[in-house]
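Subject: Structure for your review

Dear colleague,

I am handing over the structure that we spoke about, and below it I set out what was found. Please read the notes with the structure open beside them.

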Amino acid sequence: MILTECTNILIRFNEADPLGIVWHGHYVRYFEDGREAFGEKYGLRYLDIFEEGFTVPVVNVQCDYKRSLRYGDRVIVETRYVDDLAAKIKFEYILTNPATGEIVAKGSSVQVFLDKETSSLQLIAPPFFSEWKKKHGLV
């Protein structure tokens with residue numbers, strides 16, 4: 001089963017440089033917007049994870065830039081969960097300009113589970129995450 005969520009974002013004035021082009025670092029923030037929307041849709045919000053006793057810091061993020069976004073554009077962030085046997089959360093992203101249909105960026109991220117009290121890395125997926133995967137037909 002493939003779990004995805006699409007998020008429509010309007011490019012804001014403060015995200016563009018004086019030439020009206022979006023600063024490259026904001027693309028990673030759009031990935032974050034996609035992860036938050038995904039979590040809301042599928043019951044995997046950061047606060048849900050925290051209430052279970054864990055944090056999930058990003059340990060890897062990768063972005064391939066294809067086209068520039070500009071102030072006033074819209075961007076569709078497609079966020080796709082990538083199942084993994086390891087105790088981590090992996091996502092892939094496709095950013096598309098809906099006005100042109102062009103892909104403007106592709107990327108991915110990896111998050112790991114840390115105990116919220118001790119910050120110790122979890123080498124085995126927490127039970128709540130295994131249950132979440134079962135609920136969504138991933139196991």
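Helices and strands are taken here as DSSP runs, with at least four residues for a helix (H or I) and at least two for a strand (E), and they are numbered from the N terminus. With that in hand, Ser119 can be placed in the loop between strand E7 (114-115) and helix H3 (127-135). Ser119 is not a glycine, and yet it has a positive phi of about 60 degrees. Please keep in mind throughout that this is a predicted model.

**The chain as a whole**

The protein chain contains three helices and seven strands, and these follow one another along the sequence in the pattern β-α-α-β-β-β-β-β-β-α. Along the principal axes, the C-alpha atoms fill a box of roughly 50 × 30 × 20 Å. The chain has 139 residues, of which 39% count as buried, while the exposed area comes to about 7900 Å², with carbon and sulfur atoms supplying 54% of it. If one takes the contacts between residues at least 6 apart in sequence, 66% of them join residues at least 24 apart. As for charge, there are 17 positive and 20 negative charges, and their mean positions lie 4 Å apart.

**The sheet and the helix on it**

Five of the strands form an open sheet in the order E1-E4-E5-E6-E3, and the pairing is antiparallel. Its edge strands are E1 (4-10) and E3 (58-65), each of which pairs on one side only. Neighbouring strands in this sheet are turned against each other by 20 degrees on average, with direction ignored. Helix H1 (residues 25-42) packs on the sheet and touches E1, E3, strand E4 (74-82), E5 and E6, and its direction makes about 130 degrees with that of E1.

As a general point, the strands of a sheet pair through backbone hydrogen bonds, in either a parallel or an antiparallel manner. In this model, strand E5 (residues 88-96) and strand E6 (residues 103-112) run antiparallel and are joined by nine bridges. Two of the positions in this pairing may be useful for orientation: Lys90 has Val110 as its bridge partner in E6, and Leu95 has Ala105 as its partner in E6. The hairpin of E5 and E6 has six residues between the strands, and within this hairpin Gly101 takes a positive phi near 80 degrees. E6 also pairs with E3, again in the antiparallel sense, over seven bridges, and there Val58 stands opposite Gln111 in E6. Eight of the 10 residues of E6 are buried, so this strand is largely enclosed by the rest of the structure.

**Individual residues in E1 and E5**

Which residues does Thr7 contact beyond its neighbours within four places in sequence? Thr7 lies in strand E1, and, with those neighbours left aside, it is in contact with Asp33, Gly34, Ala37, Val75, Ile76 and Val77. Because its relative accessible area is 14%, and the cut-off for a buried residue is under 20%, Thr7 counts as buried.

Ile9 also lies in strand E1, and at 5% relative accessibility Ile9 counts as buried. Residues up to four places away in sequence not being counted, Ile9 touches Tyr30, Asp33, Asp73, Arg74, Val75 and Val77. The pair of Ile9 and Val75 is 66 residues apart in sequence, whereas in space the separation is 5.3 Å from C-alpha to C-alpha.

Is Ile94, which lies in strand E5, buried or partly exposed? Ile94 counts as partly exposed, because its relative accessibility is 28% and that class runs between the limits of 20% and 50%. Not counting residues up to four places away in sequence, Ile94 touches Ile76, Val77, Glu78, Ile103, Ala105 and Lys106. Ile94 and Gly72 are 22 residues apart along the chain, and their C-alpha atoms are separated by 19 Å.

With kind regards

Technical notes. Residues numbered from 1 in each chain as written. Predicted model: local features only at pLDDT ≥ 70, side-chain atom pairs only at ≥ 80, totals over all residues. Heavy atoms only, no water. Buried < 20%, exposed > 50% of the residue type's maximum accessible area, 1.4 Å probe, protein only. Contact = heavy atoms within 4.5 Å. Areas by Shrake-Rupley, 256 points an atom, 1.4 Å probe, with all protein chains shown as cover. Lys, Arg positive; Asp, Glu negative; His and termini not counted. Charge placed at Lys NZ, Arg CZ, Asp CG, Glu CD. Pairing = 2+ DSSP bridges. Axes fitted to C-alpha atoms, helices over the stretch in contact; angles between N-to-C directions.
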